[in-house]
Amino acid sequence: MKTFPLATLAVCLAFPAIAIAAPHSFSFQQNTDLLSVLPEGEYQKPMEGDLRGPCPALNTLANHGYIPRNGRFVTEQMLLDALPRVLGLGYYPAKAATVSAFALKDSTWFPGVRDKSEVLEDGTAYLNLDDLNMHGRIEHDASLTRSDAYFGDNFSVNATLLQQFKAASTDGKVVTRDDIAKYRVARAADSREHNPENTVGDGMDTTSWGEASLALMIFGNSDEISIDHIDSFFGQEKIPKDYMKPDPEVGLFALRSHIADLKKRAIGVE
């Protein structure tokens, strides 16, 4: 964008619900004329009534119509299809992320963000993107571009943080592994200083580092991400025209290795 049971993803990759439609209402309830004419892949900013969460990746998929553009009735299978196909996230990390999100929020052993009423007529579980705003499940403090939940809006891009993320670049053109490791440390320190309820380090360390790794591995080339791509993916939540998804796909072991590398680069950083 935030805890995660397998301690491997932030997604953020980048995942307080509002009133939820009845289970039988599996339909787009607004913007139907626009939705009927926009082809999959075409970009459209969220319209009034559309729902979004703290994860730039999922918001981007919605803005391009790879999952419902209104951010409602998103099923696990939709995500398992779109994340690898569009953004090159491998099956196992994608599955880990969806398992975390689709678990019931009132579960005492494996809490997620989904309400038990969020079930389609055929029994398929769904969630709305704003369900992911629930603090301390997947959403986490010290996000790269989102404010902590303590300050209110934890899902919209924070323009100041976006600028700070870009300013982390050493050469002004790309953010490298070293750059993002330093910025990750700076965001954690800022949260600790200004958020009296911060949860940095409370079982969310790997989740936060996973957010940083995925930013490079999915939106960049694993070693760096361009300032233009940061503006597009994190600022506009739009797929750049020159984007090429990872090939091969980002796997679970590669992700863990990348997280470990960023942590090593952060040692000694103040």
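**Exercise 1. In this predicted model, find how near the axes of helix H5 (residues 159-167) and helix H6 (residues 177-194) come and at what angle they cross. Then work out who makes the contact.**

Solution. Start with the geometry: the two axes come within 9 Å, and the crossing angle is roughly 145°. Next, pick out the residues. H5 brings Leu 161, Gln 164 and Phe 165 to the contact, while H6 brings Ile 180, Tyr 183 and Arg 187. Last, sort them by character: four are nonpolar, one is polar and one is charged.

**Exercise 2. Get the overall layout: how many helices and strands does the protein have, and in what order do they run?**

Solution. Count the elements and you get nine helices and four strands. Now read them off from the N terminus: α-α-β-α-α-β-α-β-α-α-β-α-α. For burial, take the 270 residues of the protein; 52% of them count as buried. On the outside, the protein exposes about 11,900 Å², with 53% of that supplied by carbon and sulfur atoms.

**Exercise 3. Decide whether H2 is enclosed or open, and say why.**

Solution. First, go through helix H2 (56-63) residue by residue, with buried meaning under 20% relative accessible area. Pro 56, Ala 57, Leu 58, Asn 59, Thr 60, Leu 61, Ala 62 and Asn 63 are the buried ones. That's eight of the eight residues of H2, so the helix is largely enclosed by the rest of the structure. Then ask what does the covering: helix H3 (76-87), helix H7 (205-219) and H8 are among the elements over those buried residues. Finally, look just past the helix, where H2 is followed by Gly 65 with a positive phi near 80°.

**Exercise 4. Track down the backbone oddities around Phe 73, Glu 237 and Pro 248, and place each one.**

Solution. Take Phe 73 to begin with. Its phi is near 55°, a positive value in a residue that isn't glycine. Phe 73 sits in the loop between H2 and strand E1 (74-75), and at 2% relative accessibility it counts as buried.

Move on to Glu 237. Here too phi is positive, about 55°, although the residue is not a glycine. Glu 237 lies in the loop between H8 and H9 and, at 10% relative accessibility, counts as buried.

Then check the peptide bonds. The one from Asp 247 to Pro 248 is cis, with omega near 5°. As for where that puts us, Pro 248 is in the loop between helix H8 (227-236) and helix H9 (252-266).

Conventions
Residues are numbered from 1 along each chain as its sequence is written. This is a predicted model: local features need pLDDT of at least 70, side-chain atom pairs count only at pLDDT 80 or more; totals for chains, interfaces and linings use all residues. Side-chain values use heavy atoms; hydrogens and water are left out. Axes are lines fitted to C-alpha atoms, for helices over the stretch in contact, and angles run from 0 to 180 degrees between N-to-C directions. Helices (H or I, at least four residues) and strands (E, at least two) are DSSP runs, numbered from the N terminus. Contact means heavy atoms within 4.5 Å. Ala, Val, Leu, Ile, Met, Phe, Trp, Tyr, Cys and Pro count as nonpolar, Asp, Glu, Lys and Arg as charged, and the others, Gly among them, as polar. Buried means under 20% relative accessible area, exposed over 50%, partly exposed in between (1.4 Å probe, protein chains only). Accessible areas come from the Shrake-Rupley method with a 1.4 Å probe; for residues, only the protein chains shown count as cover.
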